[in-house]
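Me: I would like a close look at one part of this protein. Please take the packing of its interior, and then go on to a helix pair. Keep it brisk.

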Amino acid sequence: MSSIASPLCTVASGKRLKKELEQLKQWQSEANDQFNVVVEYDGKETYKWIVTFTQPEETLFLGLWDADSATHLKNISPYSLGTFVFSLRFNVQYTMVDGKMKPPPYPFTAPIVQFQTKVYHSNVDGDTGFICQCEGCNRVLTGGAEWKPNLSAARIVKQIASGVYLSTHSTDCPLRSDVAELYNSNRLQHDENARAWTKKYAIPGHTQHDSLESDR
Ligand SMILES: [Zn+2]
């Protein structure tokens, strides 16, 4: 197996990512969004954005009817005010393996999204923090479409950092079937569990050392 790396594509991916970062900064200043991006580059094939954001406070209608008060039950989002860290990892190297490009560099391949903070969510792996790759979840990530090179990583950051991703549950996806099942069968218990994780891992005062970093 032979492997050749071309520095040209690395430059192209890097250029594009630099542009997207500028776009993100502009969005930040326009919308006053509460997120922060740090860029890491290992000098070879991996380019990483590390994003910290605070989930907005949000009131949810649970779709449950409370007979006692004759009202629909409401709940504060269990992720409210949690500060979460996630990363986007980009392949930026043009690598030929046995005459084939593997894997294509960004933007031809979508970035890989991974939560660094533990999060209780049906579409996020509770151990590794990797998010579900199913079509439904990908659509939540990009705001509606399958990944195409004309979509941007900046948009993915925005979808997650604005709180949309954690507020959406694609429970027909099997990534965490136990959590999805609980979400459908006992929403209050699900939210209580999610709130406990948020408190433990994502509320300031609890260090990030409690999070996935120490597990890897
Ligand atoms: Zn999914």
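Reply: This is a predicted model. Of the protein's 216 residues, 30% count as buried. The fold has six helices and nine strands. Among contacts with a separation of 6 or more, 64% join residues 24 or more positions apart.

Now the interior. The largest nonpolar core holds 38 residues. Five of these touch the most other members: F84, F86, L88, I156 and V157. Helix α3, residues 153–161, gives the most to this core. Its share is six residues.

Take L88 as a probe. Set aside its neighbours within four places in sequence. L88 is then in contact with K48, W49, P111, V113, A153, I156 and V157. Two of those partners, I156 and V157, are themselves among the residues that touch the most other core members. A153, I156 and V157 carry numbers that lie in the range of α3, residues 153–161.

Next, the helix pair. Helix α5 covers residues 177–185, and helix α6 covers residues 187–202. They pack at an angle of about 130 degrees. Their axes are 5 Å apart. The angle is neither over 145 degrees nor within 65 to 115, so α5 is oblique to α6.

Which residues make the contact of these helices? From α5 come V179, L182 and Y183. From α6 come R187, Q189 and H190. By class, the contact residues divide into three nonpolar, two polar and one charged. V179, L182 and Y183 are the nonpolar ones. R187 is the charged one, and Q189 and H190 are polar.

Technical notes:
Residues are numbered from 1 along each chain as its sequence is written. This is a predicted model: local features need pLDDT of at least 70, side-chain atom pairs count only at pLDDT 80 or more; totals for chains, interfaces and linings use all residues. A nonpolar core is a set of buried Ala, Val, Leu, Ile, Met, Phe, Trp, Tyr and Cys residues joined through C-beta atoms within 7 Å. A residue is buried if 20 or more other C-beta atoms lie within 10 Å of its own, exposed if 12 or fewer, and partly exposed in between; C-beta atoms are placed from the backbone. Helices (H or I, at least four residues) and strands (E, at least two) are DSSP runs, numbered from the N terminus. Two residues are in contact if their C-beta atoms, placed from the backbone, lie within 7 Å. Axes are lines fitted to C-alpha atoms, for helices over the stretch in contact, and angles run from 0 to 180 degrees between N-to-C directions. Angles under 35 degrees count as roughly parallel, over 145 as roughly antiparallel, 65 to 115 as roughly perpendicular and the rest as oblique.
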